[in-house]
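Please open the structure in the viewer and keep the selection panel at hand. The tour proceeds one selection at a time.

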Amino acid sequence: MASTHWPWSFHSSPDLSHRSSQLPWWALVTFGSYSLGNIGFHVMTFGDCPEAYHELMGEIQEAKNDLRTKGVSVD
């Protein structure tokens, strides 16, 4: 029977250095997968902030008015 080199095949192998050399890569892949999943979940469930929207739009209008008084053409 041919042995496979998949990390989940738990056959008895005298060469443990092969598995221990894969451990940092599996840790990196696991952390990356968790991070992407976590970021994706929070982006999908991000709540709207209507107060912040109105505040930002007011600040943009204020900046445009300030630039117009200084002779800069906006819009």
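How many helices and how many strands does the secondary structure of the protein chain contain? The chain, which is a predicted model, comes to 2 helices and 0 strands.

**The whole chain**

Begin by selecting the protein chain and displaying its surface. About 7,000 Å² is exposed, and carbon and sulfur atoms supply 68% of that area. Of the 75 residues in the chain, buried residues make up 1%.

**Helix α2**

Next, select residues 50-69, which form helix α2. This helix has 20 residues. From its first C-alpha to its last, α2 reaches 29 Å, close to the 28 Å expected at 1.5 Å a residue.

**A nonpolar patch**

Now select Y53, L56, M57 and I60 and show their side chains. Together these residues make a nonpolar surface patch of about 390 Å². Centre the view on L56, which is found in helix α2. Is L56 buried or exposed? The relative accessible area of L56 is 47%, so this residue counts as partly exposed, since exposed requires over 50% and buried means under 20%.

**The salt bridge**

Proceed to D66 and K70. Side chains of opposite charge can pair when their charged atoms come close. Here the side chains of K70 and D66 meet in a salt bridge, with a distance of 3.5 Å from N to O. The structure holds 1 salt bridge. Colouring the two partners by accessibility is instructive: K70 counts as exposed, at 60% relative accessibility, whereas D66 counts as partly exposed, at 38%.

**After the helix**

Finally, select G71. Which sign does the phi of G71 have? The phi of G71, the residue that follows α2, is positive and lies near 90°.

Definitions and conventions. Residues are numbered from 1 along each chain as its sequence is written. This is a predicted model: local features need pLDDT of at least 70, side-chain atom pairs count only at pLDDT 80 or more; totals for chains, interfaces and linings use all residues. Side-chain values use heavy atoms; hydrogens and water are left out. Patches are made of residues with over 30% relative accessible area and no salt bridge: like charges are joined within 9 Å, nonpolar side chains (Val, Leu, Ile, Met, Phe, Trp, Tyr) within 5 Å. Accessible areas come from the Shrake-Rupley method with a 1.4 Å probe; for residues, only the protein chains shown count as cover. A salt bridge is a side-chain nitrogen of Lys or Arg within 4 Å of a carboxyl oxygen of Asp or Glu. Helices (H or I, at least four residues) and strands (E, at least two) are DSSP runs, numbered from the N terminus. Buried means under 20% relative accessible area, exposed over 50%, partly exposed in between (1.4 Å probe, protein chains only). The expected span of a helix is 1.5 Å times one less than its number of residues.
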